[in-house]
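Colleague: I have the model open on my screen and would like to check some of the labels with you. Could we go through how each of them was earned?

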Amino acid sequence: LRMIGERIGDIGVYRVQELEHYEEALQLKSEAFGSDQHQAIADILYIMGCHHQRFHHFKFAQKCYEQALRIYKVTLGYEHLCVARVLHNIGIMYHAKRDNGVALKCLKKSLSIRMSGLGEGVTSDPSAAEGEEERVIWLS
């Protein structure tokens, strides 16, 4: 169902139907795992946050992102790349809302986690990257 929701979203015309598939997938995952403390549930919440953010439904996006962030921190740890990914999107969302202080804080934390996850020898300056692959790693 998550994949169906993503495909419908790619078409770009069925916003409500896309969200319904995500919500159904979230409900099924919650029932299957018997708890909301599972990475698969956080993954769906993250995707739902992306959906809401894409259509500027920031209040709903923030709720989904915060739930996903809480689950990722519990299940994967505070320094996991999934945490960085959510923080990045929260930062972008706050930037869109013109709250640049919070945006910068989230983006810096996201970058810090990503840099520590990539290990030694990775530069923080994309212009210093030697090849296209290294620039792509820096930018992702």
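Modeller: Gladly! Let us start on H6, where Gly101, Lys105 and Lys108 are exposed on the other side of the helix from its buried residues. One caution before we go on: this is a predicted model.

Colleague: Which residues of H6 are buried?

Modeller: They are Ala103, Cys106, Ser110 and Ile113. These residues span an arc of only 105 degrees around the axis, so they lie on the same side of H6.

Colleague: Why is Cys106 called buried?

Modeller: Its relative accessibility is 11%. Buried means under 20%, so Cys106 counts as buried.

Colleague: And what covers the buried side of H6?

Modeller: The cover includes H5. In turn, the buried residues of H5 are covered by elements including helix H3 (39-54), helix H4 (58-76) and helix H6 (100-118).

Colleague: Which residues of H5 are buried?

Modeller: Cys82, Val83, Ala84, Val86, Leu87, Asn89, Ile90, Gly91, Met93 and Tyr94.

Colleague: How do you know what span to expect of H5, and what does the helix reach?

Modeller: Helix H5 covers residues 81-96, which is 16 residues. At 1.5 Å a residue the expected span is 22 Å, and the helix reaches 23 Å from its first C-alpha to its last, close to that value. For H6, with 19 residues, the reach is 26 Å, close to the 27 Å expected.

Colleague: What makes Tyr46 and Tyr65 an aromatic pair?

Modeller: Their ring centres are 6.0 Å apart, and rings pair if the centres lie within 6.5 Å. The structure holds one aromatic pair, and this is the one: Tyr46 with Tyr65.

Colleague: Why is that pair called tilted?

Modeller: The planes are 45 degrees apart. Under 30 degrees would count as stacked and over 60 as edge-to-face, so the rest, in between, count as tilted. The pair also links distant parts of the chain, with Tyr46 in helix H3 and Tyr65 in helix H4, 19 residues apart. Both Tyr46 and Tyr65 are buried.

Colleague: What makes you say that Arg85 lies over the face of Tyr46?

Modeller: Arg85 is at 4.0 Å from the ring centre of Tyr46. The rule asks for CZ of Arg within 6 Å of the ring centre and within 35 degrees of the ring normal. Lys97 offers another case: its charged end sits over the ring of Tyr94, 4.4 Å from the centre.

Colleague: I can see cysteines here. How many disulfides are there?

Modeller: The count comes to zero.

Colleague: Why does Cys50 form no disulfide?

Modeller: The closest cysteine sulfur to that of Cys50 is in Cys64, 9.5 Å away. A disulfide needs the sulfur atoms within 2.5 Å, so that is too far for a bond. As for its surroundings, Cys50 has 25% relative accessibility, and therefore counts as partly exposed.

Colleague: What makes the phi of His56 worth pointing out?

Modeller: It is near 60 degrees, a positive value in a residue other than glycine. Most residues other than glycine have a negative phi. His56 lies in the loop between H3 and H4.

Colleague: Which residue after H5 has a positive phi?

Modeller: Arg98, with phi near 70 degrees. Arg98 lies in the loop between H5 and H6.

Colleague: Why are these two called exposed?

Modeller: Exposed means over 50% relative accessible area. His56 is at 55%, so it counts as exposed. Arg98 is at 70%, so Arg98 counts as exposed too.

Colleague: Why is Gln37 called partly exposed?

Modeller: Gln37 has 29% relative accessibility. Partly exposed is the range between 20% and 50%, so Gln37 belongs there. Its place is in the loop between helix H2 (15-33) and H3.

Colleague: Which residues does Gln37 touch, leaving out those up to four places away in sequence?

Modeller: Arg70, Ile71, Val74 and Thr75. The C-alpha atoms of Gln37 and Tyr72 are separated by 8.4 Å, although the two are 35 residues apart along the chain.

Colleague: And for the chain as a whole, how many helices and strands are there?

Modeller: There are seven helices and zero strands. Buried residues make up 32% of the 140 residues. Among contacts between residues at least 6 apart in sequence, 47% join residues at least 24 apart.

Note on methods: Residues are numbered from 1 along each chain as its sequence is written. This is a predicted model: local features need pLDDT of at least 70, side-chain atom pairs count only at pLDDT 80 or more; totals for chains, interfaces and linings use all residues. Side-chain values use heavy atoms; hydrogens and water are left out. Helices (H or I, at least four residues) and strands (E, at least two) are DSSP runs, numbered from the N terminus. The expected span of a helix is 1.5 Å times one less than its number of residues. Buried means under 20% relative accessible area, exposed over 50%, partly exposed in between (1.4 Å probe, protein chains only). Contact means heavy atoms within 4.5 Å. The arc is that of the directions from the helix axis to the C-beta atoms.
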